[in-house]
Each structure stands twice: as C-alpha cells, then as structure tokens.
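Visitor: Please pick one part of this protein and take me through it slowly. I am in my first year, so explain the terms as you go.

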Amino acid sequence: MIDVCLPGTGGMIPLPNRWLTCCWIEYQGAAVLIDCGEGTQIALKKAELKPSRLELLLITHFHADHTAGLPGLLLTLANSARTKPLTIAGPPGLRRIVSALTIIAPRLPFPLDIIELDKLAPQIPDKAGLTVTALPLRHGMTCFGYRVELFRKPIFNPEKAAALNIPVRLYKILHAGEAVTFEENGETVLVSPKQVLDGERKPISVCYFTDTLPFNLMSDFASGVDLLISEGMYYDEAMREKIEEKNHMLFSDSAHLAAKCGAKQLWLTHYSPALERPQDGIRTAKRIFPNTTAAHDGIMITLDS
C-alpha cells in the first residue's frame with residue numbers, strides 16, 4: 001500500500017488558508033515529494049508528514065510556485081540532522097536552479113544528487129521502492145507530469161506450498177521469484193515460483209499533472225491509474241480563453257481526462273488564488289467524472305488495491 005497526501009493545493013501564491021500545490025507519496029517509511037513551492041516545509045508539518053523520510057524530490061517545472069520553497073525545505077532537513085543523500089530530479093537546467101536557490105543554504109550536512117531529465121525521453125531511477133516515469137507537458141516551458149507506481153509481488157499461496165511439503169523457511173525465497181531446492185525422503189526436490197504463486201497483481205499507481213494544456217498523450221500516460229491528481233485553476237467555463245492563454249486547465253479538462261484514461265478517482269488541485277471555494281464548482285467536474293474530489297490542503301488517502 002502507499003499513502004498519498006496533498007499538503008498544499010494552491011497555485012501562484014500561498015494564501016493564509018491554502019499552501020502551494022505539492023504531492024507527498026510514501027511507501028514503507030520512505031517518500032517522494034512532487035514540487036516545492038514557498039512554505040512547503042510548513043505545509044508538510046501541518047499535514048503531520050515527516051520530511052526526514054524524503055528520498056526523492058521531483059520538480060515539474062521552474063516557476064516560483066513550484067520551486068521557491070527549496071531552500072526552506074533543505075534547511076529543515078539539515079536541522080533534523082540528516083546526513084543521507086537527497087535526490088532531486090527535474091527538467092534540464094535543474095542544477096543551475098538548485099545552485100541559485102541554495103546560495104542561502106550553502107552548507108548542507110547531506111549531499112544532493114541532481115538528475116536533469118531528458119525532455120524527450122526522461123528516465124528516473126527507482127526510489128523508495130517506487131517506480132517513477134515522466135511525461136513532457138505543454139506549459140510554454142519544459143514541464144513534466146509524473147506517474148508513480150508500486151509494483152507488487154504475485155500472491156503467495158501457502159496451501160500450494162504446504163501440499164508440496166516445502167519448508168516454511170523457503171516461502172520468502174519463492175515469493176521473491178527464485179526457485180528453491182530441499183531434501184525429501186533422500187531426494188532433492190526442485191520447486192519453481194510459479195508452482196506456489198497465484199498470478200500477477202496490478203501495480204498501485206498515482207499520476208500527477210499540473211500547469212499544462214490538455215492533450216491526447218496524457219490519457220495514455222495515466223491509463224488505469226488508481227488516483228489521478230490534476231489541476232483545475234477554475235471551474236467556470238467563461239475563464240477558458242484566459243486559462244488556455246496561460247497553458248492551464250479547468251475542472252472540466254481534468255474530469256474529461258480522468259474519464260478518458262479510466263482513472264479510479266480524481267483529485268483536483270492547483271487552484272487560482274481567486275478561486276476561494278473550489279468545492280462550489282465540483283458539480284461541473286462530477287457531471288463528467290463522478291468520482292471527483294475538490295482536494296483541500298492535507299487531504300490524504302491510502303491506496304492498497
């Protein structure tokens with residue numbers, strides 16, 4: 001299972017009642033954070049998350065509301081006596097951005113591993129037991145959407161194992177996908193994993209899109225996700241021309257995307273500061289995709305199936 005939280009849900013500037021959009025994904029005590037706008041370390045604290053668990057920070061793009069909180073977060077980690085490395089991945093130019101932002105945090109007690117993603121074929125190493133893939137979006141500057149997945153082992157069937165007289169001490173090895181041998185009645189018995197496993201399980205998946213115009217590849221990239229997190233700057237269709245000029249999406253755009261990709265549920269986020277009550281427009285999205293939530297700061301879910 002994985003835990004997902006949105007410590008913040010706002011766009012452009014933090015507000016007294018709304019921190020800037022970011023996403024926390026945690027698995028077995030290790031975490032991935034997507035974006036780090038101003039005040040992110042405070043948003044994490046309010047959501048009762050533990051920054052010390054952070055293994056990978058993903059940056060979607062270099063606008064201030066997605067990056068300006070980096071010095072504060074790094075100093076928070078430093079003040080917690082962190083010494084293990086932190087990996088930061090994002091668009092080309094990330095090293096320059098991180099270098100500039102950390103001028104005010106020059107002596108960190110832990111190393112930073114900076115990964116600049118190829119905007120045509122981005123590749124991210126697995127972190128925290130999770131697999132991360134990226135999709136270039138359409139925002140007028142290099143911007144990535146991210147898909148985070150937990151690939152799970154097939155189900156182990158102890159009844160099948162017992163019927164084959166396999167010693168319990170070998171169960172874990174078989175579940176990990178390795179064959180085993182053991183002695184029975186003076187003979188060596190070989191057992192393969194397929195003899196005691198009950199088939200593959202679908203990965204648990206989360207997809208995160210913000211700051212983009214909608215386009216067809218997004219639904220392919222997000223196909224079948226358990227949770228789609230996608231921006232909705234406004235719900236009023238009268239704002240469409242203004243929003244499209246700035247390369248953003250409305251509630252209805254994200255709802256159409258959720259329906260097309262077959263997502264199990266949709267969280268809307270990255271609201272305009274002018275949108276005081278996002279929940280007032282939720283019907284607009286629910287008419288298109290019923291399982292839609294207007295996310296709020298601190299919203300959290302555990303995905304386990």
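**A close look at R147**

Guide: Let's start with the company R147 keeps: setting aside neighbours within four places in sequence, R147 is in contact with T131, V132, T133, S205, V206, C207, F221, A222, S223 and V225. Contact here means heavy atoms within 4.5 Å. Before going on, note that this is a predicted model, where local features need pLDDT of at least 70 and side-chain atom pairs count only at pLDDT 80 or more, while totals for chains, interfaces and linings use all residues. Residues are numbered from 1 along each chain as its sequence is written, and side-chain values use heavy atoms, with hydrogens and water left out.

R147 itself sits in strand β8, which covers residues 144-150. Strands are DSSP runs of E with at least two residues, helices are runs of H or I with at least four, and both are numbered from the N terminus. Is R147 buried or exposed? Its relative accessibility is 10%, so R147 counts as buried (buried is under 20% relative accessible area, exposed over 50%, partly exposed in between, using a 1.4 Å probe and protein chains only).

The side chain of R147 also has a partner: a polar contact of 3.2 Å joins it to the side chain of E149. A polar contact is a pair of N or O atoms within 3.5 Å; within protein, one must be able to donate a hydrogen and the other to accept it, and residues adjacent in sequence count only if both atoms are side-chain atoms.

Now step back to the protein chain, which has ten helices and 15 strands. Of its 305 residues, 53% are buried.
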